[in-house]
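Work through the following exercises with the sequence and the model at hand. Each task is followed by a solution that goes step by step.

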Amino acid sequence: MEFLFRTFTDTDLLEYRAWFEDEELNRRLSYPDDIWFRHVRKPENACWAVIDDANRLIAVLQVDRKETTGYLDIALRPDLRRHGLGTAVLGGFLEGPGHAYDVIEGRISPGNAAAHALVRRCGFSILPDPDEDGFIRAARPNLSPE
């Protein structure tokens, strides 16, 4: 399955905010308020809208950059979860825009089994120590051929 990764815009914001009516998503990620939107638009950060072949917003990927590492948050449209799309979207990101980072790292809530499985399917390693907030750290080096 092919996806278009394009810059997240203010026209995506209203639809993305509606996704947070979903209890699971609302519990896992910060609500995309105006402060969030200003943050993801900073030059060192990035936010992609993931569009499917029916021109639907199906995922949002936020990456905060620190040096050559990208710290990833991924949100899949709630009604599309549990159909393998998360793996396809993350895989597409790693093969496309993810090449801009030497390492992609994510933080996973200890009880989030779906995210844990997702990162393992996409070649991430679980790092031995949690972060300062108790989240599991998962990382994947850029595997592009040189």
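On a 1 Å grid over the protein atoms alone, a pocket is an open set of points where a 1.4 Å probe fits, with protein on both sides within 12 Å along at least five of seven lines, and lining residues have an atom within 4 Å of a point; grid points are joined across faces, edges and corners, and a volume is the space filled by probe spheres set on the points. The model is a predicted one, in which local features need pLDDT of at least 70 and side-chain atom pairs count only at pLDDT 80 or more, whereas totals for chains, interfaces and linings use all residues. Residues are numbered from 1 along each chain as its sequence is written, and side-chain values use heavy atoms, with hydrogens and water left out.

**Exercise 1.** Describe the largest pocket and its lining.

Begin with the volume: the largest pocket holds about 1100 Å³ of space. Next, take its 41 lining residues, of which Arg28, Leu29, Ile74, Asn112 and Ala115 are the closest to the centre. Then assign the lining to helices (H or I, at least four residues) and strands (E, at least two), which are DSSP runs numbered from the N terminus. Two or more residues each come from helix H2 (23-28), strand S3 (57-66), strand S4 (69-76), helix H4 (85-95), strand S5 (103-108) and helix H5 (113-121), and H5 gives the most, with seven residues.

**Exercise 2.** Determine how many disulfides the model contains, and explain the count.

A disulfide is here a pair of cysteine sulfur atoms within 2.5 Å, and by this rule the count is zero. The reason is distance, because the sulfur of cysteine 47 lies 18 Å from the closest cysteine sulfur, that of cysteine 122, which is too far for a bond. Now check accessibility, where buried means under 20% relative accessible area, exposed over 50% and partly exposed in between (1.4 Å probe, protein chains only). Cysteine 47 is buried at 7%, and cysteine 122, at 9%, also counts as buried.

**Exercise 3.** Characterise the overall fold and the dimensions of the protein.

Count the elements to find five helices and seven strands, which from the N terminus run β-α-α-α-β-β-β-α-β-α-β-β. The radius of gyration, taken over C-alpha atoms, is to be compared with the globule rule, 2.2 Å times the number of residues to the power 0.38. The protein has a radius of gyration of 14 Å, close to the 15 Å that the rule gives for 146 residues, so it is as compact as a globular protein of that length. Along the principal axes, the C-alpha atoms fill a box of roughly 35 × 35 × 30 Å. Finally, 40% of the 146 residues count as buried.
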